[in-house]
Every structure is written in C-alpha cells, then in structure tokens.
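Please examine the model below with attention to its overall build and its charged side chains. The questions that follow take up each topic in turn.

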Amino acid sequence: MALCWCCSPRCLLLFFLLSAVPVAYLISLELAAPTTHVYHYHSAGWFRECAKWDDLNRRFLVSFMDGGIGQIPVPDDHTPGAVLEEVPLVKHVDLAKNASLGFVIDRPRNRLLVATADVMGNRYSALAAYDLSTWDRLFLTQLSGPSDPKAFADDVAVDAEGNAYVTDCTGSFIWKVGVDGKFLSTIKSPLFTPKEWYKAIVGLNGIVYHPDGYLIVIHTFSGNLFKIDISKGDEVKQIKVIEGSLKFGDGLELLSPTQIVVAGNPSGRLVESTDGWETASVVGKFSGPKHRLATAATVKDGKVYLNHMVAMGYPKKKHAIVEAVFSA
C-alpha cells in the first residue's frame, strides 16, 4: 500500500515540487551577478579541492578530488568574463581512487607538495612531490594504510628547510616529512581534541608556515586556531581568538606576518594578530557563492581569491575562483 502511494501521481507531484525549490534556489544563486571579479574555467570534474596561483608561470594550479593536478593558464590579455580552460598535468594510475587535496608551492625547490587521501574509506594517506617544470614525481611518502587507524591527509605546509607538515583531519595530528620525502615524526597535542565529540568530526585542516619559524593550523569544527613552534620542540599553543568566530574554517593563506585568510563557511574571513599570533581577531568577512563551497585561498597580483570546490553546469562543468573583498 505504501509503495503504491509513493508511486501515485500525487506523491510524484509532491516530490517534483519539493525538489524544484532547492533547484530553483541554486539556479538563482548561480545566475546572480557576482559582486567581485571571478575567474571561471571549464573542467572535466565536478570537484576541485584546492587552487593556488603560480605567479612565475601565470597560472592557477588546481587539485582533483578524483586524483591529479591541473592548470588554468591565464593569458596577459585575458578578457574579464571569458571562460578559461583546465589542462590536466598529473594523473597517476597507482593513486587511483585517492583524492588530491591541499597542496603548497615550494618555490625554492621548484616543486609542488600534495596531500593525497582515500576520501571515502580513510584507509590511505600520502604526501606526493612533483617537479613544477617537468611534472615528474619526486617522491611519494605513504603516511597511513589499511592496517593503520583511519586517517585523512588534508593539507600541507612547507618550512624554510623544505620539511613538509601534513594535517590529518580525522585523528587531528600532523605528520612531518623531510625534504627528501622521508617520514620524520608526528606532532600531537591534547589541545587538538575538543571536549565535545561533535566538534571532533572534522579536525585539523588548513595549515601555513610563518616566516618567524612556526606553523598556524585551524581545527575546522571547533574553529580553534593553533600555533606550533617547530623551533621549540613543536610546542603547541592555542591562539586566543578574541573577536569573531573561525568555525568551519578550511584552507589558510598567509597574507603577511600579521594577517591570514581563512576560507570556509562563510566564504572567507580575514584574521589579524598584532602580538606574534598569541591572540587574533577576525577583522573582515567576505560572502561569496555559498552553493559552491569555498575551500582554499590564494593571492594573485596582490588580491585574495577563493577556490570554490563545486562546479555547476552540464555538460560542461564550470568552476569559479572568486576575488574576496573583505568588509568589517
């Protein structure tokens, strides 16, 4: 009887009406005129976790949730509004079914460091390094496997010596990998685990290296921000956020020694510290296309841009990298 009702014209009509509401809302959001500059590009995939501007080569680099790295060249005579095209650069068979996630451009060593993980099962995490000119893989360091506790390598930062720091957003700790790809250690702290269980669902996420010799990392569901002094035995301190909230923060970008951008929900927040990141305040916010989900931040020609993970459109999938203009 219930099955018959579910297949009845009334039920089908109700389903159509209910589904039409969110679809119509998404369409209205997509068709709304953007308030800031946007780079749109066509892609072969629906999800692009991270985007960073490679100023030397005048291109955006993007990571594929289905594994791999691509580029979006931006010509000097680019016409605003013209849709750019994604070009695949890296696709390795041995990393099939693993996503390429957060990455960092290591300019002094002309390489790209990419966090790789099994998104669905959390049974594999690794750090891959690629030559920025030839795209040869320099090393692949496995960080966790099927016999280890579940883990999820999410983002990566690199220090002045070329050591890499990879966040695990499942277990909330950090792997340290040497410049040559050798696994060195893990950084753990009870501060990384919030008291409330529901705040631990998504843990340590975006991470950046500060030129004064420490790391800054965000815990997504709690919004906690941490300072890790690698010159003092990986000393961990929680940065006191005295104004504003950083809950649901994702990717980080260091703008200056005193400012970082936090991508996430809302789209972007500008965070400032005047005391060496002992404390910090949210001094600006930007609200972009919420239906596309901001996941990473980058700087191009002095302007902040936010990568949005979800593509729209069919059959051509169109992604958006949106300029963030912050207001108090």
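A residue is called buried when its relative accessible area is under 20%, exposed when it is over 50%, and partly exposed in between. The model is predicted.

Q: Is R48 buried or exposed?
A: The cut-off for a buried residue is under 20% relative accessible area. R48 has a relative accessible area of 2%, so R48 is buried.

Q: How many strands does the protein chain have?
A: The secondary structure of the protein chain includes two helices. Alongside these helices, the number of strands is 25.

Q: Why is the protein chain described as compact as a globular protein of that length?
A: For 328 residues the globule rule gives 20 Å. The chain is therefore as compact as a globular protein of that length, its radius of gyration being 20 Å.

Q: What percentage of the accessible area of the protein chain do carbon and sulfur atoms supply?
A: The protein chain exposes about 15,700 Å². Of this area, carbon and sulfur atoms supply 61%.

Q: Which residue forms a salt bridge with R48 at 4.0 Å between the closest N and O atoms?
A: R48 belongs to strand β2 (residues 48-54), and its partner to the loop between β3 (59-64) and β4 (69-73), so the pair ties together parts 18 residues apart in sequence. The partner is partly exposed, with a relative accessible area of 47%. With the closest N and O atoms 4.0 Å apart, the residue is D66.

Q: How many residues apart in sequence are E86 and R48?
A: The closest N and O atoms of the salt bridge between E86 and R48 are 2.8 Å apart. E86 counts as buried, at 12% relative accessibility. E86 lies in the loop between β5 (84-85) and β6 (87-90), whereas R48 is in strand β2; the pair thus links distant parts of the chain, and the separation is 38 residues.

Q: In which strand does the salt-bridge partner of E278 lie?
A: The side chains of E278 and K237 meet in a salt bridge, at 3.8 Å from N to O. E278 counts as partly exposed at 34% relative accessibility, and K237 is partly exposed at 35%. E278 is in the loop between β21 (268-272) and β22 (279-286), while K237, 41 residues apart from it, lies in strand β18.

Q: Which residues do salt bridges that share partners join into one network?
A: The count for the model comes to 15 salt bridges. R48 forms salt bridges with D66 and with E86. The network consists of R48, D66, E86 and K91.

Key. Residues numbered from 1 in each chain as written. Predicted model: local features only at pLDDT ≥ 70, side-chain atom pairs only at ≥ 80, totals over all residues. Heavy atoms only, no water. Helix = DSSP H or I, 4+ residues; strand = E, 2+ residues; numbered from the N terminus. Rg over C-alpha atoms; globule rule 2.2 N^0.38 Å. Areas by Shrake-Rupley, 256 points an atom, 1.4 Å probe, with all protein chains shown as cover. Buried < 20%, exposed > 50% of the residue type's maximum accessible area, 1.4 Å probe, protein only.
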